[in-house]
Amino acid sequence: MPTVFGSLRSLLLAPSLAEVTFAGRGFQVVPSEATRRLEAIPQAVVCGFEWGAGARDQWEVERRLALVDQELRGFAYEGATMACTVLDAMGGGRGGRTRDLLLGPGRPHLFLTYIGIGFALARLPRALWRRAMPDLTGLPYHPTMSWLAVDGYGFDRAYFDTARWVGLQRTPAPYPWEGMPDYFLRAADQGVGRALWFVHGGRPDDVTA
């Protein structure tokens, strides 16, 4: 039953809501209304992932995500896209769930759904990465925008393994994404840089330093 396998994968791959708070990540930030709003973003991603992994079909995913506040809905779609990508890659499919989501209800959140594919990359062995990006011919700016998936990969690594990827500035091994292994490193760095906004609780001076 897909929902059983989806729930199992969710339990194995999804962090708890507490784990994506700033305290849970060990980020040294001063609690404020701004940091509470920032914390809600990764929590929306986690909820979207769990709903995407456990839903029976796309209609159910769309209805669940429609209940999310509009300000956070795109981030919930980010998590749902991650779930669809993991399910497609692990199931040996050709990106059917992910493609249907991005061409359908996820289309208004396209930038974030591409990033969700990158979150899946961070949890999949590289041997499965070739299954991660579905055929999105017909979408504006595809495949150029697929680099946002690499950005998402870098963001995920910096957010969940901050000591290694930010503190020690670890560099990932090149990967021939769109046939450009060298640019893969630069795109991943963009995601690391974006994660700094969360690591430092939206404090520009600390991010810049």
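This is a short talk on the helices, the cysteines and a few unusual backbone spots in one structure.

Hi everyone. Before we start, please keep in mind that what you see above is a predicted model.

Let's begin with helix H7, residues 110–121, and its partners. Two packed helices are described by the angle between their axes and the distance between the axes. With that in mind, take H7 and helix H8, which covers residues 147–160. How do their axes cross? They come within 6 Å, at roughly 55 degrees. H7 and H8 are therefore oblique to each other, and their crossing is right-handed.

If you want to find this contact on the screen, look on the H7 side for Phe111, Tyr114, Ile115, Ile117, Gly118, Phe119 and Leu121. On the H8 side, they meet Leu148, Ala149, Gly152, Tyr153, Phe155 and Asp156.

While we are in H8, have a look at Arg157, which is found in this helix. Is Arg157 buried or exposed? It is buried, with a relative accessible area of 18%; the cut-off for buried is under 20%. Leaving aside neighbours within four places in sequence, Arg157 is in contact with Ala122, Thr162 and Trp165.

Now for another partner of H7, helix H5, which spans residues 70–90. The axes of H5 and H7 come within 7 Å and cross at roughly 45 degrees. That makes H5 and H7 oblique to each other, and H5 passes H7 in a right-handed crossing. From H5, the contact uses Gly74, Phe75, Tyr77, Glu78, Thr81, Met82, Thr85 and Val86. From H7, it uses Leu112, Thr113, Ile115, Gly116, Ile117, Phe119 and Ala120.

One residue from that list deserves a closer look: Thr113, found in helix H7. How much relative accessible area does Thr113 have? The value is 0%, and Thr113 is buried. What does Thr113 touch, once we skip residues up to four places away in sequence? The answer is Tyr77, Thr81, Leu102 and Gly106.

Leu102 takes us to the next helix. In H6, which runs over residues 96–103, the buried residues are Thr98, Leu101 and Leu102. Seen down the axis of H6, these buried residues fall within an arc of 95 degrees, so they line one face of the helix. Here is a handy rule to remember: an α-helix has 3.6 residues a turn, so residues three or four places apart point the same way. And what covers the buried residues of H6? The cover includes helix H4 (58–66), along with H5 and H7.

Next, the cysteines. A disulfide is a covalent bond between the sulfur atoms of two cysteines. How many disulfides does this structure hold? It holds zero. Why is Cys47 not in one? The closest cysteine sulfur to that of Cys47 is in Cys84, and it is 16 Å away, too far for a bond. For comparison, the cut-off for a disulfide is 2.5 Å between the sulfurs. The surroundings of these two cysteines are worth checking too. Cys47 is partly exposed, with a relative accessible area of 23%, while Cys84 is buried, at 7%.

Let's move to the loops, starting with the one between helix H1 (2–13) and helix H2 (22–25), where Ala14 lies. At 19% relative accessibility, Ala14 counts as buried. Ala14 and Val45 are 31 residues apart in sequence, and their C-alpha atoms are 9.7 Å apart in space.

Finally, some backbone details. Most residues other than glycine have a negative phi, and most peptide bonds are trans. Which spots depart from that here? The loop between H7 and H8 is a good place to look, and it holds Tyr141. Tyr141 has a positive phi of about 70 degrees although it is not a glycine, and it is exposed, with a relative accessible area of 65%. Pro143 has its place in the loop between H7 and H8 too. The peptide bond from His142 to Pro143 is cis, with omega near 10 degrees.

Another positive phi, of about 50 degrees, belongs to Glu178, again not a glycine. You will find Glu178 in the loop between helix H9 (162–167) and helix H10 (181–199). Glu178 counts as partly exposed, at 40% relative accessibility.

That's the tour. Thanks for listening, and do turn the model around yourselves!

Methods. Residues numbered from 1 in each chain as written. Predicted model: local features only at pLDDT ≥ 70, side-chain atom pairs only at ≥ 80, totals over all residues. Heavy atoms only, no water. Buried < 20%, exposed > 50% of the residue type's maximum accessible area, 1.4 Å probe, protein only. Helix = DSSP H or I, 4+ residues; strand = E, 2+ residues; numbered from the N terminus. Arc of directions from axis to C-beta. Contact = heavy atoms within 4.5 Å. Axes fitted to C-alpha atoms, helices over the stretch in contact; angles between N-to-C directions. Parallel < 35°, antiparallel > 145°, perpendicular 65-115°, else oblique. Left-handed = near helix turned anticlockwise from the far one by under 90°.
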